[in-house]
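Reader: Please take a close look at how the inside of this model is packed, and then say what is found around that part. I am in my first year, so spell out the cut-offs.

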Amino acid sequence: MTIRKAVIPAAGIGSRLLPLTKAIPKEMLPVGDKPVIEHTVRELVASGITDITIVVSAGKSLIQDHFRPNPALVAQLRADGKTAYADAVEEVGELGRLGHITYLDQHGPYGNGTPVLNAARALGDEPMLVLWPDDVFVAEVPRAQQLIDAYNKTHSPVLALLPMDPADSKRYGVPVVEETFDNGLMRITGLVEKPKREDAPSAYAAIGGYVVTPGIVEELRKQVAEWYTHRSGEVYLTDAINVHAAANAVYGQVIHGSWYDTGNPADYLVAQFASALAHPEYGPLLRGLVTD
């Protein structure tokens, strides 16, 4: 089954970026000349995804406003002779049509598994991509396409992986690698969350990207049912993946490209700077400032 559906969980409050995110959703903060969530949507559309569900919470209406077509603004810009601006606004609205973006309010217990389960109820019994809107990937082949290609080879859940500095193991989920294949594909049997350097089972980190299959969705349903029984803890996607991996094939795909996290102030500034340096107009300007 070809993957044509994707979920972007965007209901978080962006606490690590406060007070910047007090009034502006973290997904709408700019990286280069685009809000960070637009980078994710563009990546999905470029990878052939035709159904994107963005799971939101209160205060996220700016996301919908950004992708909503605005014919009146386009007409005004064209009347004023600002053709390039009109084309840019029109093209962002076209992204919403190409990706068939729909919005869903998050309901249920706290944890990053909840928005995935919310979306799964609407998307049906199909494999789907899950990408976080905190991440920007710069790659010749989009990260989403690399994950889809890995799924097409394995027909199993796939996690996006990157090589990591062993000293950083306490920041990530680290996969237990069972077997390695060509082009960065590997069979994994689970994830160890934020292990000490000496306890890390491999030299890879699981970062923002998953192919989620119906088996993992079923594990999420069980977690949520357990939560409503005991009303404690959180519902995590990685927990569902670990349970599924104990009895089923799960794979990791090392992503070829550069990853920029925007979820905290330092990494957000790095992402901004890297994006500006890569821009044909802004890059030379910044390099000139640095060398002055």
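**The core and its surroundings**

Author: Start with Phe-67. Not counting residues within four places in sequence, Phe-67 is in contact (heavy atoms within 4.5 Å) with Ile-37, Glu-38, Val-41, Val-92, Gly-93, Leu-95, Gly-96, Ile-101 and Tyr-103. The model is predicted, with local features needing pLDDT of at least 70 and side-chain atom pairs pLDDT 80 or more, while totals for chains, interfaces and linings use all residues. Residues are numbered from 1 along each chain as its sequence is written, and side-chain values use heavy atoms, leaving out hydrogens and water.

Phe-67 belongs to the largest nonpolar core, which has 37 residues. A nonpolar core is a set of buried Ala, Val, Leu, Ile, Met, Phe, Trp, Tyr and Cys residues joined through side-chain atoms within 4.5 Å. Buried means under 20% relative accessible area, exposed over 50%, and partly exposed in between (1.4 Å probe, protein chains only). Along with Phe-67, the residues with the most contacts inside this core are Leu-44, Ile-49, Ile-52, Ile-54, Leu-129 and Leu-147. At least two core residues each come from strand 1 (5-9), helix 1 (36-46), strand 4 (51-56), helix 2 (61-67), helix 4 (83-98), helix 6 (143-154), strand 8 and strand 11. These elements are DSSP runs numbered from the N terminus: helices (H or I) have at least four residues, strands (E) at least two. The most comes from helix 6, with five residues. Another core, of 29 residues, lies apart from this one and includes Leu-123, Trp-132, Val-212 and Ile-241.

Of the contributing strands, strand 11 (residues 204-212) has eight of its nine residues buried. Strand 11 runs antiparallel to strand 8 (residues 158-163), with five bridges between them; two strands pair if DSSP finds at least two bridges between them. Within this pairing, Leu-161 has Ala-206 as its bridge partner. Strand 6 (residues 128-130) is also antiparallel to strand 11, joined to it by three bridges. There, Met-128 is bridged to Val-212.

Helix 6 also carries a polar residue, Gln-146. Gln-146 counts as buried because its relative accessible area is 9%. A polar atom of its side chain lies 2.8 Å from the backbone oxygen of Val-141. Residues touching Gln-146, beyond four places away in sequence, are Ala-139, Val-141, Gln-253, Val-254, Ile-255 and His-256.

Charged pairs complete the picture. Side chains of opposite charge can pair when their charged atoms come close. The structure holds 14 salt bridges, each a side-chain nitrogen of Lys or Arg within 4 Å of a carboxyl oxygen of Asp or Glu. In helix 4, Glu-94 and Arg-97 lie three residues apart, about one turn of the helix, and their side chains form a salt bridge at 2.4 Å, N to O. Glu-94 is partly exposed at 31%, whereas Arg-97 is exposed at 54%. Asp-87 and Arg-78 form another salt bridge, with their closest N and O atoms 2.8 Å apart. Asp-87 is partly exposed at 39%, and Arg-78 is partly exposed at 34%. In helix 7 (residues 214-230), Lys-222 and Glu-219 are three residues apart and meet in a salt bridge of 3.8 Å, N to O. Lys-222 is partly exposed at 48%, but Glu-219 is buried at 16%. Glu-38, Arg-42 and Glu-91 are joined into one network by salt bridges that share partners. Glu-38 is also one of the contacts of Phe-67.

Definitions and conventions: Polar contact = N/O pair within 3.5 Å; in protein donor to acceptor, adjacent residues only side chain to side chain.
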